[in-house]
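Here is my note on the model you sent, set out as numbered points. Please read it with the structure open beside you.

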Amino acid sequence: MSATLTPLTDLPAWKDLSAHAAALQSTTLRDLFAQDPTRGTRLHATAGDLYLDYSKHRITDETLAIFAQLAEQSNLRASTEAMFTGQKINITEGRAVLHTALRAPADSVVLVDGENVIPGVHAVLDKMAAFADSIRSGTWLGYTGKRIRNIVNIGIGGSDLGPVMAYEALKHYSQRDLTFRFVSNVDGTDFAEAVHDLDPEETLFIVASKTFTTLETMANAHTARVWSLAKLQHQAAVARHFVAVSTNAGEVAKFGIDTANMFGFWDWVGGRYSMDSAIGLSTMVALGPDNFRKMLAGFHTMDVHFRTAPWGQNLPFLMGALGLWYTNFFGAETVAVLPYDQYLKRFPAYLQQLTMESNGKHITIDGRHVTYNTGAIFWGEPGTNGQHSFYQLIHQGTRLIPCDIIAFAQSLNPLGQHHDLLMSNVFAQAEALAFGKTADQVRAEGTPEWLIPHRTFEGNRPTSTILAEKMTPEVLGQLVALYEHATFVQGILWQIDSFDQWGVELGKKLAVQIIPELESATEPTLNHDSSTNTLIRRYRALKRK
Ligand code: F6P
């Protein structure tokens with residue numbers, strides 16, 4: 001257990017933030033922009049290729065100054081160094097947290113238990129690169145001598161969401177004569193639909209699981225082996241059609257995958273922080289080793305920025321602090337992530353695991369129950385689709401929903417006027433959310449009096465706008481690292497362990513207990529609550545029909 005901390009709410013800066021927030025409650029974004037015409041040019045920060053406009057937030061210079069004090073009083077700098085230097089900051093699992101080592105240059109030194117982990121990281125990257133090249137060039141052949149044309153990643157959580165998000169985000173850079181599919185759900189439909197048009201002779205499975213014991217992944221991997229061998233007939237075919245990504249060589253061998261075809265990583269890489277480890281093997285096969293390394297370089301750019309930039313110019317700090325501001329002082333429950341880029345369609349889903357599995361905690365690292373809200377609910381859809389669905393609630397509903405808008409100046413698919421049409425919506429939505437439309441403006445348009453309240457927009461809805469030149473592997477790395485570190489900032493300020501996930505255990509254990517109750521030929525004795533017992537009995541009756 002960690003040493004006792006001064007509770008967050010007892011820190012002087014927290015008290016100052018409470019008083020400051022109370023004073024600001026009735027100040028609107030209209031007021032703030034009217035008071036300071038330079039606000040829109042001043043309140044921005046850059047890191048790598050990312051430009052963050054945070055002027056449309058209900059903050060003043062004083063807000064950020066107090067947050068900087070909170071960072072000092074929370075020892076954020078020391079905690080950041082502790083993470084980067086391999087101290088065991090994941091205290092409930094006794095582990096270092098070193099996803100930053102996965103993208104550190106080859107000449108870096110990062111010690112875990114006295115051993116420099118960097119050479120191992122680069123050895124795995126080299127092994128991944130050789131494998132990726134052999135698939136991409138067609139020198140890795142299937143058991144019957146055919147080229148591999150389909151790559152199916154089997155994994156779940158961090159072993160799926162990062163790979164599928166990165167593949168979709170960087171599809172433009174992928175080798176188009178290869179087909180990529182991602183199977184995660186234990187629902188057989190996921191596997192069946194993923195392979196329905198694939199030929200086992202040309203299909204390679206990457207079984208990605210840190211533990212290699214996850215029920216969903218193991219069920220899908222076994223089904224994949226049956227599907228492969230139904231056509232390929234010989235056990236020896238497994239070696240040509242299955243590779244593994246895992247920290248657990250023993251379980252990989254038990255499954256029947258030659259550990260020569262295993263790509264390793266380490267217990268200091270959390271599942272939701274693993275897309276730049278060997279878990280990214282499918283990404284590397286799709287993009288090629290050079291692009292993968294560019295993505296890693298992008299991550300590293302943000303790592304260096306986060307570690308060194310002053311708080312007032314530090315993108316992850318600013319985004320982390322803004323999240324706390326609305327969660328703890330304005331009653332916001334959620335954050336909407338709105339990428340105006342179709343390639344980022346899986347980015348909100350990826351961020352859900354990153355942020356919510358990290359910061360969905362109510363016990364502090366010194367064992368107290370928190371007295372404030374932690375991790376916000378992240379959700380979102382690409383613009384402009386969301387505009388025709390849920391934006392109504394953001395504009396005129398009763399809840400405050402801070403939004404992260406992500407956009408690129410250049411399209412990877414320039415088609416006529418499309419990109420300007422898309423970008424006009426980026427700027428229009430942020431403007432409308434911030435400034436709305438007053439009753440007087442609506443009246444001046446000749447709107448009947450009774451309709452005016454319905455057509456009035458209060459505005460005062462905060463947004464961050466993140467703008468980059470275009471989507472590249474480097475930019476994706478920067479973007480993901482930005483959110484990783486913003487999540488870390490929040491975890492430190494909230495005094496929670498952002499790197500464990502005990503909350504997922506109970507349901508997994510109960511499911512294992514229930515499986516035989518669903519499958520037994522005779523009516524089982526059920527010892528659950530009356531609701532669960534009734535549902536199980538009904539399921540058994542219905543499935544027999
Ligand atoms: O559901 C919890 C979890 O442990 C995630 O943290 C993790 O990303 C996922 O399961 C998959 O785990 P593994 O890679 O070990 O199969």
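1. Of the 545 residues of the protein chain, 54% count as buried. This is a predicted model, and every value below should be read as computed from it. The protein chain exposes about 23,300 Å² of accessible area, and carbon and sulfur atoms supply 54% of that area.

2. On overall architecture, the protein chain contains 22 helices and 13 strands. Its radius of gyration is 25 Å, close to the 24 Å that the globule rule gives for 545 residues, so the chain is as compact as a globular protein of that length. Along the principal axes, the C-alpha trace spans about 75 × 60 × 60 Å. When contacts between residues at least 6 apart in sequence are considered, 75% of them join residues at least 24 apart.

3. Strand β12 (residues 403-408) deserves attention, since six of its six residues are buried. Cys403, Ile405 and Ala407 point one way from β12, while Asp404, Ile406 and Phe408 point the other way, and all of these residues are buried. In a regular strand the side chains alternate between the two faces of the sheet. Please note that Asp404, a residue with a carboxyl side chain, is listed among the buried residues of β12.

4. The pairing around β12 can be followed strand by strand. Strand β10 (residues 334-339) pairs with β12 in the parallel sense over four bridges, and within this pairing Leu338 stands opposite Ile405. Strand β13 (residues 463-468) is joined to β12 by six bridges, and these two strands also run parallel. Here Ile405 stands opposite Thr465 of β13, and the bridge partner of Phe408 in β13 is Ala468.

5. Strand β13 is itself mostly covered, with five of its six residues buried. Besides its pairing with β12, β13 is joined by three bridges to strand β2 (residues 50-53), and that pair runs antiparallel. Leu52 of the β2 pairing stands opposite Ile466 in β13.

6. The count of salt bridges comes to 27, and Arg42 takes part in two that are worth inspecting. The side chains of Arg42 and Asp36 meet with an N to O distance of 2.7 Å, and those of Arg42 and Asp61 meet at 3.3 Å, again N to O. The second pair links distant parts of the chain, with Arg42 in helix α3 (residues 39-42) and Asp61 in helix α4 (residues 61-73), 19 residues apart. How buried or exposed are the three partners? Arg42 is partly exposed, because its relative accessible area is 39%; Asp61, at 45%, also counts as partly exposed; Asp36, at 17% relative accessibility, counts as buried because the cut-off for that class is under 20%.

7. A further salt bridge joins Lys345 to Glu168, the closest N and O atoms being 3.9 Å apart. This pair also links distant parts of the chain, since Lys345 lies in the loop between β10 and α15 (347-359) and Glu168 lies in helix α7 (residues 161-169), 177 residues apart. Lys345 is partly exposed, with a relative accessible area of 38%, whereas Glu168 is buried, at 14%. Elsewhere, salt bridges that share partners join Arg103, Asp276, Asp303 and Glu484 into one network.

8. Thr100 lies in the loop between α5 (76-84) and β3 (111-112), and it counts as buried because its relative accessibility is 5%. Leaving aside neighbours within four places in sequence, Thr100 is in contact with Phe84, Asp303 and His485. Asp303, one of these contacts, is also a member of the salt-bridge network described in the previous point.

9. At the surface, Val186, Leu215, Val512 and Ile515 form a nonpolar patch, with about 310 Å² of accessible area together. Ile515, one member of this patch, is placed in helix α21 (residues 505-519). Ile515 is partly exposed, because its relative accessible area is 34%.

Technical notes: Residues numbered from 1 in each chain as written. Predicted model: local features only at pLDDT ≥ 70, side-chain atom pairs only at ≥ 80, totals over all residues. Heavy atoms only, no water. Patch = residues over 30% accessible without salt bridge, like charges linked within 9 Å, V, L, I, M, F, W, Y side chains within 5 Å. Areas by Shrake-Rupley, 256 points an atom, 1.4 Å probe, with all protein chains shown as cover. Salt bridge = Lys/Arg side-chain N within 4 Å of Asp/Glu carboxyl O. Buried < 20%, exposed > 50% of the residue type's maximum accessible area, 1.4 Å probe, protein only. Rg over C-alpha atoms; globule rule 2.2 N^0.38 Å. Contact = heavy atoms within 4.5 Å. Pairing = 2+ DSSP bridges.
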